[in-house]
Structure formats: C-alpha cells, structure tokens
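These are my notebook entries on one chain. I set down what I looked up, entry by entry.

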Amino acid sequence: ARHTVYPPIGLMHLAAVLREKYNVIIKDYSGKEIDEKEIKKDIEKTDPFIIGIRVLTGPPIPRALKISKIAKDLGKVVIWGGPHPTILPEQTLENPCIDSVVIGEGEHTFQQLLRYYEGKKAKLDGIGIKKDKKIKIMPASKEYVDLNKLPLPAWDLVENVNMYFPDKRHNLLPISTTRGCAFKCGFCHNSNKNVKEYLGCYRIADPNRAIGEYKFVQNIVKNDIDILDVGEDLHLVSLDYAKRFSKAVKESNFGLKWYTAARYQTLNKEIIEIIADAKCIRVLLGIESGSERIQKMNNKIVELNRAIQIARELKKKKIFITNAYIFGHPTESVDELNQTLKYIKKIPADENLIQLYRPMPGTPYFQICVEREKVKVPQRLEGWAGFGVLGHDVNVSEIPSKILFSAYYKTNAIQ
C-alpha cells in the first residue's frame with residue numbers, strides 16, 4: 001500500500017520456488033506512490049517475460065492496474081494472484097490488462113502457468129485464464145503446499161532488504177508460519193467459497209522453520225533483529241503447538257522475543273505460562289463484539305467472562321494484550337454497540353484495535369449487506385478500490401452514522 005512499507009511475503013515464497021528454474025526479480029513499491037515513469041523504466045531494464053502481481057481488495061487495486069497497463073503496453077504477460085483475484089477471478093479477468101489469475105496458492109500452479117506461456121504441456125488447475133477473449137476458470141488443484149517442504153522465502157531477492165529493518169536494534173521480522181485459518185469468521189476472506197476450495201485446509205509449519213528463516217534474514221541485513229512477528233490469522237492453535245514453538249525459540253539460544261495471534265478459546269493458563277517463559281511479549285486476540293447475537297452471526301463465539309480471566313493471566317505474565325473489535329457489523333444496533341463499549345472497559349488490554357466493518361466481497365457478511373441493500377456490488381474490477389479492510393469508512397449497520405463514527409473515533413482517541 002502507499003502509506004506502509006511492508007515486505008512482500010507472498011511474493012517471496014513464490015519466488016523461492018520459481019528461482020529453481022527461472023530468473024526471478026522482486027519489485028516492492030509499498031510505502032510510495034506509483035510512479036509510471038519508474039515502473040516503465042524498471043520493466044524495460046529487466047525485460048521480464050511475465051509480470052506477476054499480488055493484489056488485495058481495496059486501494060491496492062488501482063495501484064496494481066497502473067502497473068498492469070504499463071506492462072501490457074510493453075507487450076508483457078500479466079498475472080494476478082492474492083486475495084482479490086482468488087475471490088473474484090472471472091471479473092478480474094474481464095479487465096483487458098490482465099491475462100490470467102492464480103486462485104489460492106501459487107507455488108505449484110504458477111509454475112504450470114509459466115509452462116503454458118512457454119508453449120509447453122501444463123496442468124492448468126487452480127487458475128483462471130483468458131484466451132481469444134474467452135475466460136475459463138479451472139477447478140482447484142488437488143496438490144496443496146506442504147509448508148515444511150518449501151524453500152525459505154527469498155528475502156535476498158528483494159532490493160534494499162534493509163529498509164524493512166531500519167533501526168540499529170529491536171527490529172521486527174514478520175514470518176509466515178501458516179496457510180489459511182482453522183476458523184471461518186463471517187467478515188473474513190477465509191470464509192469465502194473460493195478461498196476454502198482453492199487454498200485448502202489450515203496448515204502450520206514446523207516451528208524450527210521460523211528459526212531457520214530468522215537466521216537466514218539476520219545474515220543478510222545489517223541491523224539487529226530480535227523480535228519475531230508470527231501472528232497472521234491464527235498462530236497459537238493448540239497446547240501442543242505452543243509447546244513446540246516455545247521449545248524451538250528457547251533452544252535456538254538467540255534470545256528472541258516474539259509476537260503471536262490466538263483466540264481466547266485456544267488459550268489457557270498452561271499455554272500462557274509456557275509462552276511467557278519462551279519470551280512471548282505480545283498477543284493479538286479478536287473479540288469483535290460484546291453482543292452474543294453478533295458473535296453468532298459472525299460465527300465467532302467468545303466466552304466473555306472466560307476471556308476476562310484469560311486476559312488477567314496474560315497481564316500477570318506481562319504479555320502485551322491487543323484486543324481487536326469491529327464497530328458497525330451488518331444489522332448491528334445501538335444497543336449492541338453499547339454492549340461492546342461496556343465490555344471494552346471490563347476486559348484488561350494494553351491496546352484496543354478497533355476497526356469499522358468494511359465490506360469484503362464473497363463473505364457471509366457481504367451477502368447480508370447485499371440482501372439488505374447496504375452496498376452496491378461493483379460491476380467492474382476498478383469499483384472494488386474502496387472495499388476491504390483497507391477501504392473507505394462506511395456504515396452498513398443499523399446504527400445512525402453519527403453515533404457509529406463518533407464511537408469509533410472517540411474510542412480510538414482515548415486509548
């Protein structure tokens with residue numbers, strides 16, 4: 001995105017596999033405006049056969065389209081992957097600047113797509129393709145990625161990798177340890193039909209892979225990294241995994257601290273003691289709403305009284321708590337918003353991450369919004385620029401906008 005510098009982790013995973021057979025270059029334009037002259041110069045300088053772009057729903061879409069148009073004008077094949085083309089592959093392909101899309105995971109399917117464009121025999125599962133102006137969406141691949149068999153992400157292929165670690169000490173290393181999510185919350189892209197079908201089941205890598213990635217990255221950057229960010233959608237999924245990950249961190253003898261993400265229902269006192277002893281210093285936990293009805297609609301039940309007890313245990317161990325909430329769920333009432341506001345005051349937290357609900361296509365929440373005529377479904381790819389978690393502030397609830405936005409800004413301001 002334009003305002004945030006963040007490493008292209010998905011592209012680095014893909015590049016690590018592709019470079020075994022192809023010359024791969026990664027360009028990261030995060031944290032900066034898209035300069036069309038710079039893009040054109042970069043493409044002409046490297047002269048790639050194919051350009052692949054990972055795209056989220058929302059503001060990244062017009063940025064990706066600028067790059068795609070320049071690439072097509074230069075005669076390149078353009079392939080999109082990532083959450084948005086996975087959810088809406090056919091509409092994505094209707095844009096004349098996009099030749100094909102990878103739906104779900106790309107490590108296997110992208111290689112087959114490259115073979116196709118080389119004129120070789122290829123098994124085109126898990127992709128959408130456009131040929132002679134006709135769009136064809138292929139079925140999901142039956143070959144899902146084994147995270148433990150993947151090479152480490154290609155951090156060394158990113159230009160100026162040091163920009164992600166700007167401080168002399170205490171830099172944070174974001175690490176991807178999972179695919180998908182074990183849960184299917186109503187607002188989240190993981191509940192989308194294509195995501196479930198094409199991405200496959202929830203998987204988590206061996207904890208030692210995270211330590212190996214840390215060693216790899218630390219060896220190629222100049223500043224010190226001493227914190228691992230292994231949050232993602234869901235990291236601490238069970239007691240057994242918490243034990244194994246904590247053991248790996250401790251036995252590495254690097255003195256690493258780490259951030260994680262969990263659910264209140266997956267934590268207990270034993271897990272908290274184990275991760276605290278292994279220098280876990282921060283945890284992200286989604287509560288989303290203090291309303292029982294909203295929780296059921298969202299398919300995310302949080303036992304509110306138990307969550308308070310778990311939060312107290314985390315505080316005892318001095319683990320920084322970030323509780324996440326959504327204001328403005330579809331059909332949410334003023335009374336239900338007030339239930340959430342009261343609960344925020346009850347449960348211990350060091351930080352409350354509060355977001356307005358911003359519609360994500362292809363999810364149960366989005367369908368509710370459509371049925372209640374709270375959103376107008378875009379008929380073209382460009383129309384999705386204001387949607388998704390990075391999109392525009394909207395109100396699809398039954399709460400008057402003045403009350404909703406006032407609560408959102410006021411609650412964020414008093415933290």
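The entries below go from the whole chain to single helices and then to single residues.

**Entry 1. The chain as a whole.** I note at the outset that the model is predicted. I counted the secondary structure elements and found 15 helices and 13 strands in the chain. The radius of gyration is 22 Å, close to the 22 Å that the globule rule gives for 415 residues, so I record the chain as being as compact as a globular protein of that length. Along its principal axes the C-alpha trace spans about 60 × 55 × 40 Å. I then looked up burial, and 53% of the 415 residues count as buried. For contacts between residues at least 6 apart in sequence, I found that 73% join residues at least 24 apart.

**Entry 2. Helices α13 and α15.** I describe two packed helices by the angle between their axes and the distance between the axes. I took α13, residues 334–346, together with α15, residues 401–413; their axes come within 11 Å and cross at roughly 10 degrees. Angles under 35 degrees count as roughly parallel, and α13 and α15 are therefore roughly parallel to each other. Which residues meet in this pair? From α13 I listed Val 334, Leu 337, Leu 341 and Ile 344, and from α15 their partners Ile 403, Ala 407 and Thr 411. By class, the residues of this contact divide into 6 nonpolar, 1 polar and no charged.

**Entry 3. Helix α14.** In α14, residues 364–371, I found Tyr 365, Phe 366, Ile 368 and Cys 369 buried. These residues cover an arc of only 155 degrees around the axis, which puts them on the same side of α14. The cover over the buried residues of α14 includes α11, residues 292–298. Glu 373 follows α14, and I noted its positive phi, near 55 degrees.

**Entry 4. Helix α6.** For α6, residues 109–117, I list the buried residues as Thr 109, Phe 110, Gln 111, Leu 113 and Leu 114. What do the buried residues of α6 pack against? I found one helix, α1 (9–18), and the strands β1 (50–54), β2 (77–81), β3 (100–102) and β4 (127–131). Just after α6, Gly 119 has a positive phi of about 85 degrees.

**Entry 5. Val 145.** I located Val 145 in the loop between β5 (134–137) and β6 (171–174). Is Val 145 buried or exposed? Its relative accessibility is 4%, so I enter Val 145 as buried. Leaving aside neighbours within four places in sequence, Val 145 is in contact with Glu 105, Glu 107, His 108, Leu 150, Arg 179 and Arg 203. I also looked up its separation from Gly 386: the two are 241 residues apart in sequence and 32 Å apart in space, C-alpha to C-alpha.

**Entry 6. Positive phi in loops.** Most residues other than glycine have a negative phi, and I therefore noted the exceptions below. Asn 160 lies in the loop between β5 and β6, and its phi is positive, near 50 degrees. Thr 331 lies in the loop between β12 (320–327) and α13. The phi of Thr 331 is also positive, near 70 degrees. With a relative accessibility of 16%, Thr 331 counts as buried.

How values were computed. Residues are numbered from 1 along each chain as its sequence is written. This is a predicted model: local features need pLDDT of at least 70, side-chain atom pairs count only at pLDDT 80 or more; totals for chains, interfaces and linings use all residues. Side-chain values use heavy atoms; hydrogens and water are left out. Axes are lines fitted to C-alpha atoms, for helices over the stretch in contact, and angles run from 0 to 180 degrees between N-to-C directions. Helices (H or I, at least four residues) and strands (E, at least two) are DSSP runs, numbered from the N terminus. Angles under 35 degrees count as roughly parallel, over 145 as roughly antiparallel, 65 to 115 as roughly perpendicular and the rest as oblique. Contact means heavy atoms within 4.5 Å. Ala, Val, Leu, Ile, Met, Phe, Trp, Tyr, Cys and Pro count as nonpolar, Asp, Glu, Lys and Arg as charged, and the others, Gly among them, as polar. Buried means under 20% relative accessible area, exposed over 50%, partly exposed in between (1.4 Å probe, protein chains only). The arc is that of the directions from the helix axis to the C-beta atoms. The radius of gyration is taken over C-alpha atoms; the globule rule is 2.2 Å times the number of residues to the power 0.38.
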